[in-house]
Amino acid sequence: KTHIFIILASLFSNFIFCSERDDLKFITFDKPSFSFTSPERHIILTGESSSSLNGLEFTIQIPNFKLNSNKFLVNIYSKGAIYNKNIGLIKFKDSAELEALNKKAKLTISSEEIILNLANETFSSTQDVLTNLNNLEIKSMGIEMTQKEGNLNAEFSQGTFQIRSSGSISKGYAKKLYIMSEENKIILEDEALLDQDGFIIKSDLIHYDYSLNKILKSINSSIENNS
């Protein structure tokens with residue numbers, strides 16, 4: 001079971017009483033630090049300052065998030081964040097950027113909002129997202145990403161991608177786009193399109209190995225050649 005420790009740095013010396021309504025006190029404090037520890041991971045969330053009305057939800061200015069496990073390292077930066085202790089969510093807002101590293105991949109995600117569910121370690125966004133995984137670039141209308149045993153699995157909504165390989169450029173689009181980093185595979189589902197230097201495949205479903213620039217599977221496909 002995950003143990004959660006909250007350290008409000010210099011709380012007693014730095015908090016400022018702002019207002020009082022019935023029994024509720026709104027306080028602000030400097031240099032907050034939140035720590036979440038389990039046998040599999042260690043997470044630290046810090047910030048320049050923070051405020052809370054009820055002790056359950058914290059607004060954090062200039063947050064800095066670090067997740068460290070045996071197989072993965074994740075950093076998240078943004079201008080602001082909201083940590084809800086009661087439901088275990090951290091919402092990073094305003095120029096949010098996630099960086100994730102393992103032995104095989106470097107991933108960056110940029111969006112105006114990134115949400116972390118601490119219970120299942122899922123990162124998500126319903127806003128425009130720019131994702132880079134090594135030399136693969138994806139633009140989408142949303143993302144949901146999980147990491148298990150050091151592997152990244154991500155689902156993108158209305159995603160387009162571009163990858164450069166051996167002097168060629170491959171592009172694609174699908175309403176649902178899945179990335180499996182361990183297998184170097186992209187799955188394009190629903191209105192799938194893959195363009196390999198003008199050789200265009202439209203299909204209901206495409207499995208594509210982006211490391212080999214190779215189509216592994218396609219269903220109900222049509223082919224166009226614009227080269």
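## Close-up views of a predicted model

Strand β17 gives the most to the lining of the largest cavity, with 4 residues. Keep in mind as you look around that this is a predicted model.

**Figure 1. The largest cavity and the residues that line it.** The structure holds 1 cavity of 30 Å³ or more, and the space inside the largest cavity comes to about 80 Å³. To find it, look for its lining: Leu107, Thr131, Leu133, Leu136, Ile138, Met145, Leu152, Asn153, Ala154, Phe156, Ile179 and Ser181. Three strands, β14 (129–133), β15 (136–140) and β17 (151–165), each supply at least two of these residues. What kinds of residue make up the lining, by nonpolar, polar and charged? There are 9 nonpolar residues and 3 polar ones, with no charged residue in the lining.

**Figure 2. Strand β7 and its two faces.** In a regular strand, side chains alternate between the two faces of the sheet. Strand β7 covers residues 57–61, and you can follow its two faces one residue at a time. Phe58 and Ile60 make up the covered face, while Glu57, Thr59 and Gln61 belong to the uncovered one.

**Figure 3. The partners of strand β7.** Strand β6 (residues 49–52) pairs with β7 in the antiparallel sense, over 4 bridges. Here you can pick out Ser51, whose bridge partner in β7 is Thr59. The hairpin of β6 and β7 has 4 residues between the strands, and in this hairpin Gly55 takes a positive phi near 80 degrees. Strand β10 (residues 80–84) also pairs with β7 in the antiparallel sense, this time over 5 bridges. Two places to look are Ile60, which stands opposite Ala81 in β10, and Glu57, whose bridge partner in β10 is Asn84.

**Figure 4. Strand β10 and its hairpin with β11.** How many of the 5 residues of β10 are buried? The strand is mostly covered, with 4 of the 5 buried. β10 pairs with strand β11 (residues 89–101) in the antiparallel sense over 5 bridges. Tyr83 has Ile90 as its bridge partner in β11. The hairpin of these strands has 4 residues between them, and Gly88 there takes a positive phi near 70 degrees.

**Figure 5. Aromatic rings, with Phe34 and Tyr83 in view.** The structure holds 7 aromatic pairs. In one of them, Phe34 and Tyr83 meet edge-to-face, with 5.3 Å from centre to centre and 70 degrees between the planes. This pair links distant parts of the chain: Phe34 is in strand β4 (residues 32–38) and Tyr83 in strand β10, 49 residues apart. Are these two rings' residues buried or exposed? Phe34 counts as buried because its relative accessibility is 0%, and Tyr83 counts as buried because its relative accessibility is 0%. Look around the pair for the rest of the cluster: Phe29, Phe34, Phe36, Phe58 and Tyr83 form one aromatic cluster.

**Figure 6. Glu113 and its contact with Lys93.** Glu113 sits in strand β12 (residues 106–117). With 8% relative accessibility, Glu113 falls under the 20% cut-off, so this residue counts as buried. What does the side chain of Glu113 make a polar contact with? The partner is the side chain of Lys93, at 3.2 Å.

**Figure 7. Ala100 and Val74, brought together in space.** Start from Ala100 in strand β11. Ala100 counts as buried, because its relative accessibility is 1%. Now find Val74: the two residues are 26 residues apart in sequence, yet 4.4 Å apart in space, C-alpha to C-alpha.

**Figure 8. Positive phi at Glu121 and Gln158.** Glu121 has a positive phi of about 55 degrees, although it is not a glycine. You will find Glu121 in the loop between β12 and β13 (122–125). Its relative accessible area is 19%, so Glu121 is buried. Gln158, another residue other than glycine, has a positive phi near 50 degrees. Gln158 lies in strand β17. At 46% relative accessibility, Gln158 counts as partly exposed.

Note on methods:
Residues are numbered from 1 along each chain as its sequence is written. Side-chain values use heavy atoms; hydrogens and water are left out. Buried means under 20% relative accessible area, exposed over 50%, partly exposed in between (1.4 Å probe, protein chains only). Two strands pair if DSSP finds at least two bridges between them. Rings of Phe, Tyr and Trp (its six-membered ring) pair if their centres lie within 6.5 Å; planes under 30 degrees apart count as stacked, over 60 as edge-to-face and the rest as tilted. On a 1 Å grid over the protein atoms alone, a cavity is a set of points where a 1.4 Å probe fits but cannot get out, and a pocket is an open set with protein on both sides within 12 Å along at least five of seven lines; lining residues have an atom within 4 Å of a point. Grid points are joined across faces, edges and corners, and a volume is the space filled by probe spheres set on the points. Ala, Val, Leu, Ile, Met, Phe, Trp, Tyr, Cys and Pro count as nonpolar, Asp, Glu, Lys and Arg as charged, and the others, Gly among them, as polar. A polar contact is a pair of N or O atoms within 3.5 Å; within protein, one must be able to donate a hydrogen and the other to accept it, and residues adjacent in sequence count only if both atoms are side-chain atoms.
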